[in-house]
Amino acid sequence: MTAADRPVAGVIGWPVAHSLSPRLHGFWLDRAGIDGFYVPMAVAPERLGAALAGLPALGFRGVNVTVPHKQAVFDALDRVTPVARRAGAVNTVTVGEDGTLEGTNTDVAGFLGHLRQAAPVWQADAAPAVILGAGGAARAAAVALLDAGVARVTVVNRTVARAEALASALGDARVAVAPWERLAGALDGAGLLVNTTSLGMAGQPPLTLDLAPLAADAVVYDIVYVPLETPLLAAARARGLATVDGLGMLIHQGVPAFRAFFCAEAAADAATRAHLLAAL
Ligand code: ATR
């Protein structure tokens, strides 16, 4: 077997040392018996274009792209899928046979795949949804919920102008915007609350909300995964609400990326989760 027969992919970020993706894909490669590589690559913002342009010559099948490159990467691509355009972010780049680069976004599918797996009772059209935050993760969540068929999703953000910009970028009448001060009203009767802010992350202030206005069967989803049970999820659990943590989204977004890089199926299952948990 020559080196070229051994598939190579990786993740580009700055910094990248914290990324769990090498551990995730390495686990799946081992399990599938594939003699391939998934490597972390620390690439400074000013070198992103050069790094991506080098991928075909280096024989890469593709790369995941993480913070802070998910928007800047658009300039370096030959094609972008519709879902990546709508999400305004690319997290997966594949190298075609002809050496061209295509960008897509698997965070959107990862967000929804994990929600459906962790909270199978959730029904998109049963009650409105609320998203806290207006960054890249909020936009991916909003695209996923719109595609799933929510009748209404309200984006609540500290800086309301960012929420308005997100809504206008999505251009969908089902998206509403509210300032943080009107959060209680937005939560009234909601069937899904999603936190995409950094509040509750280790080292950040907790997200303390009154969850009482939520529907009795509401689901609370926190995309933060360090710690795995954030203060928000603990409060939701204490109220008897279904909770969804952020680790599963990371795993689920990796499944289509693994398929694209290694032409094999990966499963977002308990063994994968345990393997990542051991590193947290
Ligand atoms: P990402 O792209 O990962 O979603 P981001 O663009 O940095 O990350 O967005 C972080 C989100 O957390 C934003 O919605 C931010 O609110 P602002 O737009 O007002 O900055 C939110 N956030 C961060 N710290 C916060 C705090 N202390 N209180 C409320 N919201 C906060």
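Two strands count as paired if DSSP finds at least two bridges between them. With that in mind, welcome to this predicted model! Two topics are worth your time here: a sheet in which 6 strands take part, and a ligand that sits in the largest pocket.

**The sheet**

- The 6 strands form an open sheet, and their order is S2-S1-S3-S5-S6-S4.
- Pairing in this sheet is mixed.
- At the edges you will find strand S2 (37-42) and strand S4 (79-80), each of which pairs on one side only.
- For a closer look, try strand S3 (residues 62-65) and strand S5 (residues 92-95), which run antiparallel and are joined by 3 bridges.
- Val-63 has Val-93 in S5 as its bridge partner.
- As background, strands of a sheet pair through backbone hydrogen bonds, either parallel or antiparallel.

**The ligand and its surroundings**

- The residues around the ligand include Gly-133, Gly-135, Gly-136, Thr-159, Arg-162, Ser-198 and Leu-199.
- Sorted by class, this shell has 3 nonpolar, 7 polar and 2 charged residues.

**Contacts with ligand oxygen atoms**

- Ala-134 takes part through its backbone: one of its backbone N or O atoms lies 3.0 Å from an oxygen atom of the ligand.
- Asn-157 uses its side chain, where an N or O atom is 2.6 Å from an oxygen atom of the ligand.
- Arg-158 also has a side-chain N or O atom to look for, at 2.9 Å from an oxygen atom of the ligand.
- On its own, the ligand has 660 Å² of accessible area, and the protein covers 68% of that.

Key
Residues are numbered from 1 along each chain as its sequence is written. This is a predicted model: local features need pLDDT of at least 70, side-chain atom pairs count only at pLDDT 80 or more; totals for chains, interfaces and linings use all residues. Side-chain values use heavy atoms; hydrogens and water are left out. A residue is near a molecule or strand if one of its heavy atoms lies within 4 Å of it. A polar contact is a pair of N or O atoms within 3.5 Å; within protein, one must be able to donate a hydrogen and the other to accept it, and residues adjacent in sequence count only if both atoms are side-chain atoms. Accessible areas come from the Shrake-Rupley method with a 1.4 Å probe; for residues, only the protein chains shown count as cover. On a 1 Å grid over the protein atoms alone, a cavity is a set of points where a 1.4 Å probe fits but cannot get out, and a pocket is an open set with protein on both sides within 12 Å along at least five of seven lines; lining residues have an atom within 4 Å of a point. A molecule sits in a cavity or pocket if more than half of its atoms lie within 2 Å of its grid points. Ala, Val, Leu, Ile, Met, Phe, Trp, Tyr, Cys and Pro count as nonpolar, Asp, Glu, Lys and Arg as charged, and the others, Gly among them, as polar. Helices (H or I, at least four residues) and strands (E, at least two) are DSSP runs, numbered from the N terminus.
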